[in-house]
Amino acid sequence: MEPFVADPTRLIISAIVGIAVLLVLIMKLKLQPVLAIILNAIVIGVGCGMPASLIVATVNKGISRTLEGIALLIGLGSMFGAILEISGGAQRIATTLIAKFGESKAAWALGITGMVIATPVFFDAGLIILIPLAFSIAKRTGKSTMYYVIPLLAGLAVGHTFIPPTPGPVLVANMLGVDLGLVIIVGLCIGFVALVLAGPVFGYYYGKTFNVPVPKSVADMPEYDEAKMPGFTTVVLIILIPLFLIVLNTVSLVIPAMEPMREFFGFIGTPFVALTIATVVAMWILGVKHGYSLRELEKVMTASLGPTGMIMLVTAGGGVLRYMLQDSGLGEIIGNWVASTPLPLVLVAFFVACLVRISVGSATVAMTMAADIMAAMPEVVNLSQLHLAAMVAAVAGGATVASHVNDSGFWLVKSLVEIDEKTTLKTWTVMETIVGGVGGVGALVLSLVA
C-alpha cells in the first residue's frame, strides 16, 4: 500500500481551519471536549484527503499510544494522592514547606522540586506524584492554586525540556554530536532563568489574576491535627520511592557494575511498577498504621478513581489530534520550509522545532525533526561544541512553546487542575511559551559568544 502524502496547501488549510473550529466548538459552543476533539480530528483527516481506513487507524493509534504510557499512572497516581490526603501526609508537606520557606517562598520550593524531579522522571509521572502538594499548600494558604501549580509546572517543564538525563535533550545531543556534560551545564543555566520567569514570577501574577480554587476532592478533606500527622521525613521518603526507583533504573544503564541487576532495576524502575510499589507502601505506612482498615482504604482509593475516566479520555483525544496532524505530514512540510530561510542556525533550529510543535503537538516529534534537519546541514559540522550545545537548547525550547489543544499534556493539566480550556490557554500555554522562549533567547545569546 502506497504511503499517504497530502497536498501541502490542502493540508495546511485543513489544519488551520480544524484547530480554529475546535476552539470554537469547545470554548464558544461548549461542546463536550472529548467529542469535539475526535470529530475535529476526523474532519482534519477528511479535509487533507486521508483515506478512511487510515483515518480509523490513526484514531486508534492516537488513543492506544497516548494511553499506553499514562493510563495506569493516572489511576495509580490518583490512589496514591488520596492516601496522602486522608493520612494528612500532603498537609504535613504543605505545613513544613510554609514553615521553612514562608508563604511567599513555597512557590520557589515547588518549582525547584519540580525541576529536579523532572530530569530523570517523565513530566506526566512527576506531575501526578507532586500536584497534591501544590493543592495542599493552596488549601493551607487560601490562595489561588495558580500561585503554586504554575511554579510546579514550570519546574517540571524546565527539567523535562533542558536538562539531561531527560530523554529529549539527550536525543538531540546525540544527533548533533554534542558533549552531554556541556549540554547539562547549558541546560541548567538557561533552565534556571526559565524557571524563575515562568514559575514564581508568572505564577505570582496569574495567581492574582485567576482565582482558581483547589479541586473539590481536596477542599472537602478535613483539616488535621498536626500532632497526628505522619512525620515529614516519612512522607517525603514515600513520595521519593517511585522517583528513586526510576532514577535507579536510569543509573543502572550507564554503570557497568550494575549490569548483572540491570533487568531487575529495569522492571522496578518502570514508572507504573515504581508507582505501584509506592502506593502499596503508602497504604501500609500512611493507611493501616494510621488506623485505617483495608476496607476503608479500598473505598477511599476507589472514590479517587472517579475523575480519572474523563482525564484519560480527554488526554487520549489530544493524542488522536496529534497523530492525525503528524501522520498527515504537516510537521515535515513546515520544518523543511523554515530550514530554507536565511536565519542564523540557532534560530532556524528554534523555529523548526517551534512550528512543528505548534502544528503537531508532540515535543518529541518536534525535537527529532528539528535535530534531523539541523544535523543534515553542512554548516553544522564546523560549529564549536558550545555552539552546538546552544543549538540543543534552541531545539528543546522551540519544542516546548505554545502547548495547546493538539497536545495531550494540555488536556492532562486542564483535567488535573480542573480549569476550563480558556484558562488553560492563558496559564499553561503561556507558561510553556515563556519556558521555550527563554530557551530560544538564551541559545541565541550563547551562540553569539560561542
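In this predicted model, the side chain of Ser87 comes within reach of the backbone oxygen of Ile83, at 2.9 Å. Ser87 belongs to helix α4, which covers residues 71-87. With a relative accessibility of 3%, Ser87 falls under the 20% limit and is therefore buried.

Salt bridges come next. Across the whole structure, a search returns four of them. Side chains of opposite charge can pair when their charged atoms come close. One such pair is Glu298 with Arg295, whose side chains meet at 3.1 Å from N to O. Both residues sit in helix α15 (residues 294-304), and because they are three residues apart there, about one helical turn separates them. The two partners can also be described by their accessibility. Glu298 is partly exposed at 35% relative accessibility, while Arg295 has a relative accessible area of 55% and so counts as exposed.

A second pair joins Asp407 to Arg357, with 3.3 Å between the closest N and O atoms. Asp407 is placed in the loop between α20 (385-398) and α21 (408-417), and Arg357 in helix α18 (residues 345-360), so this salt bridge ties together parts that lie 50 residues apart in sequence. Both Asp407 and Arg357 are buried. The pair also takes part in a wider arrangement: a network of salt bridges links Arg357, Asp407 and Glu432.

Lys414 and Glu421 form another salt bridge through their side chains, at 3.9 Å from N to O. This distance can be read against the cut-off, since a salt bridge requires the nitrogen and the carboxyl oxygen to be within 4 Å. Lys414 is buried, with 15% relative accessibility, and Glu421 is buried as well, with a relative accessible area of 10%.

Turning to the backbone, two residues call for a comment on their phi angles. Ala402 is not a glycine, yet its phi is positive, at about 55°. Ala402 is found in the loop between α20 and α21, and its relative accessibility of 17% means that it counts as buried. Glu418, another residue other than glycine, has a positive phi near 60°. The loop between α21 and α22 holds Glu418, which is partly exposed with a relative accessible area of 46%.

The surface itself offers two patches to look at. Positive charge gathers in a surface patch formed by Lys28, Lys30, Lys422 and Lys426. Of these residues, Lys426 is located in helix α22, which runs over residues 421-449. Lys426 has 39% relative accessibility and so counts as partly exposed.

The other patch is nonpolar: Val251, Leu253, Val254 and Ile255 make up a surface area of about 330 Å². Within this group, Val254 is part of the loop between α12 (232-252) and α13 (262-268). The relative accessible area of Val254 is 64%, over the 50% limit, and Val254 is therefore exposed.

Viewed by helix and loop, several of these features can be found again quickly in the structure. The loop between α20 and α21 contains Ala402 with its positive phi, and Asp407 of the salt bridge with Arg357 is in that loop too. Helix α22 carries Lys426, a member of the positive patch.

Key. Residues numbered from 1 in each chain as written. Predicted model: local features only at pLDDT ≥ 70, side-chain atom pairs only at ≥ 80, totals over all residues. Heavy atoms only, no water. Patch = residues over 30% accessible without salt bridge, like charges linked within 9 Å, V, L, I, M, F, W, Y side chains within 5 Å. Areas by Shrake-Rupley, 256 points an atom, 1.4 Å probe, with all protein chains shown as cover. Lys, Arg positive; Asp, Glu negative; His and termini not counted. Charge placed at Lys NZ, Arg CZ, Asp CG, Glu CD. Helix = DSSP H or I, 4+ residues; strand = E, 2+ residues; numbered from the N terminus. Buried < 20%, exposed > 50% of the residue type's maximum accessible area, 1.4 Å probe, protein only. Polar contact = N/O pair within 3.5 Å; in protein donor to acceptor, adjacent residues only side chain to side chain.
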